[in-house]
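Reader: I would like to go through this model in short steps. Please give the reasoning each time, then the value or name.

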Amino acid sequence: MSKNSNSDIQSPFCVLCGRTDDCPEKYGEKRTYVAYNLTVHYYCLLMSSGIWQRGEEDEGVDGFLIADIRKEVNRAAKLKCNICKKKGASIGCVAPKCKRSYHFPCGIQKECIFQFMEDFRSYCWEHKPVQKFSDKESRGTSQCTICLDLVEQLPVYTVLKSPCCKNAWFHRECLQYQALSAGIFFFRCSVCNNKDKFQKEMLRMGIHIPEKDASWELEENAYQDLLQCYQHCDIKRCLCKKGRDYNEPDSKWEIKRCQYCGSRGTHLACSAMKSWEQNWECMECTSILAKSGTYSKQKKRSLATSEKTDGTTCLLEEPSPKCPRQSPGSQRSFLQSPKIMCQNNMSPCSHREHPASNRVMMSLSPLMSNRNCSLRKKHLRKKRREVSNILKELKLQVNTKAIRLNINAENIWNSALKGFRQRNFNPTNTIEIKFTNCKNRSKTDTSAASKHHFFQLLMLHLQNSSLFEGSSAKNLSLDFQAVKENLYFEAGKMIAVSLVHGGPSPCFFSKTLFDCLVYGPENVKPALEDVADVDVARTIKMIKYANSLSSLQSAIHDCYEFLAAAGCLRPITSLCDKNMLVNDILIHHVIKRIISPLESFRQGLKTLGVLEKMQMHPDAFSSILCHKPERLSAETICDLFTIHSSSDVNKVEGADFWIGYLQDVESGESVVTLEDILLFVTGSISIPPIGFDPEPTIKFLHIRYPVGNRLLNCLELPITKTYDQFKNKMEFTIRNTLRVERE
């Protein structure tokens, strides 16, 4: 059967309603069959009272035979529409004794109900089904959870109430657009995700849910790019004998992709990476970030120059612009130089000297770049010291009265939420942790190590929860169930308590989220990088990179439904109008859409005065909320501990062994890591923003093996005759102690 567009026929009006309108959302697809001189709206055909599908799906018009359609047209020609008073009213009200007839478009205009299910019944404006509302329900305004505009909570045709959620209201038009897009498989309540009960009620109230897959699922190869992962080692000297494309998960030959672009990779072993959790940046991204001045967290030794345990040097295509290569001898001289030892009241590791030969061979450009990197690191450390002092000031509010939290580490969120919502919980009380699912722990562990472990698990859960969206730098997401349960407030409260009580900082805030918290959302301009939704980001890019007015208008036409739902439709008269449109979309999606969660989150952060301090010292708090902690280095650990020794101990020799061991650990010449050492002494794998209390110390004693006193944050080290003895005892004790704890 030939089908043609409206422009190819002489009578493009629907044979049932007589209208030329072509609006698929309202009247269904307008179909024209030239061979039969027939044009009909699909919904007009479906709802007509005197016709049934007597053919197969491929016969006539989706099973409606052409002869039956002509009979229905003749039948309707004798009936006058009770609304427009014209002939051709093919639809009648099914209520008993009701004689009203009308055209489908007239029925829509008069707010009749058409049920697209079972017998395809139609009800006139007087007999149509209505939703029931109890007298106790409040009458006011709420937010339509689809378009996010206000909706009046009234029993009117244009407003529908969710049958499964008490306070969920929708515009009828919004629901119809969503149903047409989602189809019967994906159309559900946007608040609670209920499908069966929600669809049954919407069909009863006249929402058409087509029996088709969602529109986003029908696009051919729409997600093909997402299924491809870059699997290739780009290190100049790949050490894998099985080739650059070999990838073995959970081994040293697993390929790690660049954390910024994802289009470059390296085997873990080829860059001397100890674990998958370590971040890696390719040379292109490192260079770009270096030029932009935003790359402020470079390791003390670049991955490009890190050594493997067998002494093999792993090189990228070129040296990092941040850190020039150094010989192993220069690094050893740094930590074993007598000028840097803990003598004459000098702080250990306070300065780094290179041999003269190295200084001569360094080119001016890498040296200047390394100096800039060092300055940025110093600035970041300065801000973190400032935060530490601020948090210590806030901690003065905490009293000695204890509050116990019963925590299940396997269900950290629910147990933490229950603890924070206790009637007697007060953030100014000292927090004690009882791990209820750990047999080997004491009933109540009041040590800072246990508390830090709890907050660390909690921050990790928050980072991966549905409250936030994004890859590394995260913004708040829109979770209606979380809004309903006030979880954004609790999350903000937990972060504030963690900072003041000695826990870790979240470290995953995006710059946009941080600025919204500090300066207010009305003063923040989001960027494309803040959009986590792939479809929305693609829509914005289509508009942003349109290079002509016609391509811009085409892009807007393709995403008309999205723009209408977001309230971002605006007249487009020139190509430059796209910038304002992109800005409107970004503000809606990143800020306006989550304004309610943001306000709740801000209220939670006000706990213990944390938000106020953030607003007073934004640069300082940005260093701990928007940046991951600086990776531990031998220098950091050396600065962290204060060395004490008895009068009969050679302090310099003991410190020499200690610092030499730190350097071996950092360069990978040990079975333990710097994080293991910190965990052995303090129970924490990172340095909390507030610092340790009490401050970590080292004592050299006449003992056989090292002892980590987590209550005092004290590391007791044995006095040995040789460095090898010292190293063996350290590795044996730390490795076995942590292994037993993990088991």
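Reader: About how many helical turns separate Glu599 and Arg602 in helix 21?
Author: The model is predicted. Helix 21 covers residues 595–605, and Glu599 and Arg602 are three residues apart in it. An α-helix has 3.6 residues a turn, so residues three or four places apart point the same way. The separation of Glu599 and Arg602 is therefore about one helical turn.

Reader: How far apart are the closest N and O atoms of Glu599 and Arg602?
Author: Side chains of opposite charge can pair when their charged atoms come close. The cut-off for a salt bridge is 4 Å. Glu599 and Arg602 form one, with their closest N and O atoms apart by 3.8 Å.

Reader: Which of these two residues counts as buried?
Author: Buried means under 20% relative accessible area. Glu599 has 37%, so it is partly exposed. At 16%, the residue that counts as buried is Arg602.

Reader: Which residues are joined into one network by salt bridges that share partners?
Author: Here salt bridges have partners in common. They join three residues into one network: Glu29, Arg31 and Asp62.

Reader: Arg31 also lies over the face of a ring; which residue carries that ring?
Author: The cut-off is 6 Å from the ring centre. Arg31 is at 4.8 Å from the centre of its ring. The residue below that charge is Tyr42.

Reader: Which residues make up the aromatic cluster that holds Tyr42?
Author: Rings pair if their centres lie within 6.5 Å. One aromatic cluster includes Tyr42. Its members are Tyr27, Tyr42, Tyr43, Tyr102, Phe104, Phe114, Phe116 and Trp125.

Reader: Over which ring does the charged end of Lys729 sit?
Author: The charged end of Lys729 is 5.8 Å from the ring centre. The cut-off is 6 Å. The ring belongs to Tyr705.

Reader: What is the N to O distance between Lys511 and Asp515?
Author: Lys511 and Asp515 are four residues apart in helix 16 (residues 511–519), so about one helical turn separates them. Their side chains meet in a salt bridge. The N to O distance is 3.0 Å.

Reader: Is Asp515 buried or exposed?
Author: Its partner Lys511 has 51% relative accessibility, so Lys511 counts as exposed. Asp515 has 13%. Buried means under 20%. Asp515 therefore counts as buried.

Reader: How many residues apart in sequence are Glu111 and Lys128?
Author: Glu111 forms a salt bridge with Lys128, and the closest N and O atoms are 3.8 Å apart. Glu111 lies in the loop between helix 4 (104–109) and strand 5 (113–114). Lys128 lies in the loop between strand 6 (122–123) and strand 7 (141–143). The pair ties together parts whose separation in sequence is 17 residues.

Reader: How many salt bridges are there by this rule?
Author: The rule needs a side-chain nitrogen of Lys or Arg within 4 Å of a carboxyl oxygen of Asp or Glu. By that rule the count is 18.

Reader: How many aromatic pairs are there, and what is the angle between the planes of Phe657 and Phe726?
Author: The count comes to 22 aromatic pairs. Phe657 and Phe726 form a tilted one, 6.0 Å centre to centre. The angle between their planes is 40°.

Reader: How many residues apart are Phe657 and Phe726?
Author: Phe657 is in helix 25 (residues 651–666). Phe726 is in helix 27 (residues 723–742). The pair links distant parts of the chain, with a separation of 69 residues.

Reader: What is the relative accessibility of Phe726?
Author: Phe657 counts as buried at 12%. Phe726 counts as buried too. Its relative accessibility is 1%.

Reader: Which residues does Glu201 contact, leaving aside neighbours within four places in sequence?
Author: Glu201 lies in helix 6 (residues 196–204). At 15% relative accessibility, Glu201 counts as buried. With those neighbours left aside, its contacts are Gln131 and Pro163.

Reader: What is the accessible area of the nonpolar surface patch with Phe185, Phe186 and Trp216?
Author: Phe186 is found in helix 5 (residues 172–186). Phe186 is partly exposed, at 33% relative accessible area. Together the three residues of the patch have about 280 Å².

Reader: How many of the nine residues of helix 12 are buried?
Author: Helix 12 runs over residues 412–420 and is mostly covered. Among its buried residues are Ile412, Trp413 and Phe420. The number buried is seven.

Notes
Residues numbered from 1 in each chain as written. Predicted model: local features only at pLDDT ≥ 70, side-chain atom pairs only at ≥ 80, totals over all residues. Heavy atoms only, no water. Buried < 20%, exposed > 50% of the residue type's maximum accessible area, 1.4 Å probe, protein only. Helix = DSSP H or I, 4+ residues; strand = E, 2+ residues; numbered from the N terminus. Patch = residues over 30% accessible without salt bridge, like charges linked within 9 Å, V, L, I, M, F, W, Y side chains within 5 Å. Areas by Shrake-Rupley, 256 points an atom, 1.4 Å probe, with all protein chains shown as cover. Phe/Tyr/Trp six-rings, centres within 6.5 Å; stacked < 30°, edge-to-face > 60°. Lys NZ or Arg CZ within 6 Å of the ring centre and 35° of its normal. Contact = heavy atoms within 4.5 Å.
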